[in-house]
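Here is a short briefing for a first look at this protein. Start with the structure below, then read the points by topic.

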Amino acid sequence: FLCEVPNELTGDIVSQTSEVLDLLTQRLNSNASDPGRLLSATIYLPFKEDLAAFNPIWDGWLPAGSAPVRACIHGALTNPLMRVEIQAIAAIRPTDFS
């Protein structure tokens with residue numbers, strides 16, 4: 001279970017999404033997982049017009065054929081400068097006991 005928001009709040013949806021996905025990748029990798037092991041994701045976008053720019057970045061970040069169940073919610077975030085927040089659930093990699 002993880003959630004990421006951007007640290008750099010001066011950027012647009014493209015830069016904030018790229019940062020959040022980089023942070024998610026780091027957290028997943030440090031916890032024996034990766035973007036291809038996401039089970040579900042909830043994406044919060046305060047500006048509904050940002051969805052068109054968000055989707056290709058999201059799709060390009062995921063390995064082909066591994067898209068999780070996803071919901072996009074339009075609503076205010078805790079900081080009005082945030083353009084995206086992503087909450088996700090991921091499986092860990094199987095342990096090799098051989």
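A polar contact is a pair of N or O atoms within 3.5 Å; within protein, one atom must be able to donate a hydrogen and the other to accept it. Keep that cut-off in mind for Ser66: a polar atom of its side chain lies 2.6 Å from the backbone oxygen of Pro63. The model shown is predicted.

**Fold**
- Two helices and four strands make up the secondary structure of the protein.
- Along the sequence, these elements come in the order β-α-β-α-β-β.
- Of the contacts with a separation of 6 or more, 78% are between residues 24 or more positions apart.

**Size and shape**
- The protein has 98 residues and a radius of gyration of 14 Å, which agrees with the value near 13 Å for a compact globule.
- The C-alpha trace spans about 50 × 25 × 20 Å along its principal axes.

**Surface and charge**
- Buried residues make up 36% of the 98 in the protein.
- The protein exposes about 5700 Å².
- Carbon and sulfur atoms supply 58% of that exposed area.
- There are 6 positive and 11 negative side chains.
- The centres of these two sets of charges lie 6 Å apart.

**Ser66, in a loop**
- Where is Ser66 found? Its place is the loop between helix H2 (51-61) and strand E3 (69-74).
- Is Ser66 buried or exposed? Ser66 counts as buried because its relative accessibility is 14%, and the cut-off for buried is under 20%.
- The partner of the Ser66 side chain in the 2.6 Å pair is a backbone atom, the oxygen of Pro63.

**Gln87, in a strand**
- Gln87 lies in strand E4, which covers residues 85-90.
- Gln87 has 39% relative accessibility, so this residue counts as partly exposed. That class falls between the limits of 20% and 50%.
- Which residues does Gln87 touch, leaving out those up to four places away in sequence? They are Leu2, Cys3, Ser40, Ala41, Thr42 and Tyr44.
- With one of these, Tyr44, there is a polar contact between side chains, at 3.4 Å.
- Leu24 is 63 residues from Gln87 along the chain, and the C-alpha atoms of the two are separated by 9.4 Å.

Key: Residues numbered from 1 in each chain as written. Predicted model: local features only at pLDDT ≥ 70, side-chain atom pairs only at ≥ 80, totals over all residues. Heavy atoms only, no water. Rg over C-alpha atoms; globule rule 2.2 N^0.38 Å. Buried < 20%, exposed > 50% of the residue type's maximum accessible area, 1.4 Å probe, protein only. Contact = heavy atoms within 4.5 Å. Areas by Shrake-Rupley, 256 points an atom, 1.4 Å probe, with all protein chains shown as cover. Lys, Arg positive; Asp, Glu negative; His and termini not counted. Charge placed at Lys NZ, Arg CZ, Asp CG, Glu CD.
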